[in-house]
Amino acid sequence: MIPSPRTLRAAAGNVVHKVLYGPLADLRPMPAALIEEVEGSAVYRYRAPRGVVPAGPPVLFVPPLAAPARCYDLRRGCSLAEHVVEAGRLSYLLDYGPIDYGDRDLGLREWVGEVLPRAVRAVSADAGGQPVQLVGWCLGGVFALLAAAHEPGLPIASVAAIATPVDVSAVPPAAPLRPLARVTGGAPAALAGALLGGLPRPVVKRGYQLLAIDKYVQRPYQMLTNLDDAEFLAQIEAVDHFTDAMTAYPGRTLAELYRGLLADNALAGDGLVIGGRRVGLDGVRVPVLAVAGRRDGVAPVAAVEPLTRLLSSSPDVRFTEADGGHLGVLTGRSARRTTWTHLDAWLDEGTRRHGIRPSRRGAVASV
């Protein structure tokens with residue numbers, strides 16, 4: 001394909017911008033205020049832009065471990081947090097903070113039984129006692145569902161689980177490891193926890209890249225052929241920035257997930273043991289939206305769709321597919337037209353359930 005003069009000018013402009021001014025991506029985080037510190041983690045309330053009066057029920061973004069909390073705020077223009085805040089919703093973020101060797105003894109009991117419940121209560125109190133709508137990506141979705149099942153009395157209005165795998169047998173990268181995991185139990189993860197305190201940050205980063213190795217191999221060619229597309233280049237910069245901020249997995253959590261998810265596929269069965277008690281997805285008693293990415297290699301459609309039968313006590317379970325890979329389905333360039341549209345409708349429905357009429361931007365009135 002022969003580039004046109006217009007394409008060449010755009011490509012030259014993008015190269016000059018990167019050389020002279022730095023990244024094309026606007027990586028400024030959405031402004032937020034600290035409202036609560038939770039066992040070393042923090043809860044932030046996003047600040048609404050001028051002219052927008054936020055209203056509830058509040059939305060709490062729940063990130064997965066190891067991934068930076070700004071997965072919800074990747075870059076301006078492709079930030080789910082920005083989108084939700086500008087829609088006039090009270091919006092909050094749970095941030096686990098840095099994970100290091102000193103956190104090696106933290107397990108599911110702490111994350112699901114203490115940190116997330118305290119964050120939910122803090123958000124509810126800050127929002128005038130309203131129930132909280134949880135939005136969780138990947139393991140963040142698992143934590144949100146398990147917290148709802150573990151403590152039914154929490155003020156949770158609903159859960160939106162995005163790219164959340166619950167049937168590990170349907171995850172291609174996990175298939176060859178499961179027989180080994182069943183034989184060894186949690187021994188390899190326990191050893192990593194004892195020696196290293198868990199899964200170190202560089203290993204987590206390389207593992208994430210290996211799961212999308214085809215994209216990394218093709219990246220130089222894709223960048224070369226898209227030098228005229230500033231949005232494409234900005235998205236790559238933002239994803240690289242996200243990947244560079246990966247953190248570690250605590251040793252105990254790693255061992256519990258290795259044994260419970262990889263070896264036993266517990267979420268698709270009786271559930272995980274948390275604080276000495278088995279907690280299954282059949283204990284979730286709030287409405288749930290599940291979104292799966294059609295090109296997701298970490299949480300393929302077949303690994304997410306079983307939520308429709310596992311959430312047997314939920315009053316309303318919605319399942320939908322959207323374009324994108326594991327991160328792309330959450331915050332890719334097409335997410336605004338797919339996943340975000342589904343989430344908007346879901347949150348609007350939850351708002352109506354609590355006696356508030358949603359509007360398009362910033363104006364919310366009582367019904």
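A residue is taken as buried when its relative accessible area is under 20%, and as exposed when that area is over 50%. In the predicted model described here, Ala66 has a relative accessibility of 5% and therefore counts as buried under the 20% cut-off. Ala66 is placed in the loop that runs between β3 (55-62) and α2 (80-86). Its backbone is marked by a positive phi of about 75 degrees, although the residue is not a glycine. Most residues other than glycine have a negative phi.

A positive phi also occurs at Cys138, again a residue other than glycine, with a value near 55 degrees. Cys138 lies in the loop between β5 (132-137) and α4 (139-150). The relative accessible area of Cys138 is 16%, so this residue is classed as buried.

Helix α3 (residues 108-126) contains Val120. With a relative accessible area of 0%, Val120 falls under the 20% cut-off and is therefore buried. When residues up to four places away in sequence are not counted, Val120 touches Leu60, Val132, Leu134, Pro155 and Ile156. Of these contacts, Leu60 lies within the range of β3 (55-62), and Val132 and Leu134 lie within that of β5 (132-137). Pro58 is 62 residues from Val120 along the chain, and the C-alpha atoms of the two residues are separated by 9.9 Å.

Helix α9 spans residues 230-244, 15 residues in total. From its first C-alpha to its last, α9 reaches 21 Å, close to the 21 Å expected at 1.5 Å a residue. At the N-terminal end, α9 is capped by Asp229, which has a side-chain oxygen 3.2 Å from the backbone nitrogen of Glu231. The buried residues of α9 include an unbroken stretch made up of Phe232, Leu233, Ala234, Gln235, Ile236, Glu237, Ala238 and Val239. Phe242 and Thr243 of α9 are buried as well. An α-helix has 3.6 residues a turn, so residues three or four places apart point the same way.

At the surface, Val15, Val16, Val19, Leu20 and Tyr21 make a nonpolar patch of about 540 Å². Tyr21 belongs to helix α1 (residues 5-21). The relative accessible area of Tyr21 is 63%, over the 50% cut-off, and Tyr21 is therefore classed as exposed.

Note on methods: Residues are numbered from 1 along each chain as its sequence is written. This is a predicted model: local features need pLDDT of at least 70, side-chain atom pairs count only at pLDDT 80 or more; totals for chains, interfaces and linings use all residues. Side-chain values use heavy atoms; hydrogens and water are left out. Helices (H or I, at least four residues) and strands (E, at least two) are DSSP runs, numbered from the N terminus. The expected span of a helix is 1.5 Å times one less than its number of residues. Buried means under 20% relative accessible area, exposed over 50%, partly exposed in between (1.4 Å probe, protein chains only). A polar contact is a pair of N or O atoms within 3.5 Å; within protein, one must be able to donate a hydrogen and the other to accept it, and residues adjacent in sequence count only if both atoms are side-chain atoms. Patches are made of residues with over 30% relative accessible area and no salt bridge: like charges are joined within 9 Å, nonpolar side chains (Val, Leu, Ile, Met, Phe, Trp, Tyr) within 5 Å. Accessible areas come from the Shrake-Rupley method with a 1.4 Å probe; for residues, only the protein chains shown count as cover. A salt bridge is a side-chain nitrogen of Lys or Arg within 4 Å of a carboxyl oxygen of Asp or Glu. Contact means heavy atoms within 4.5 Å.
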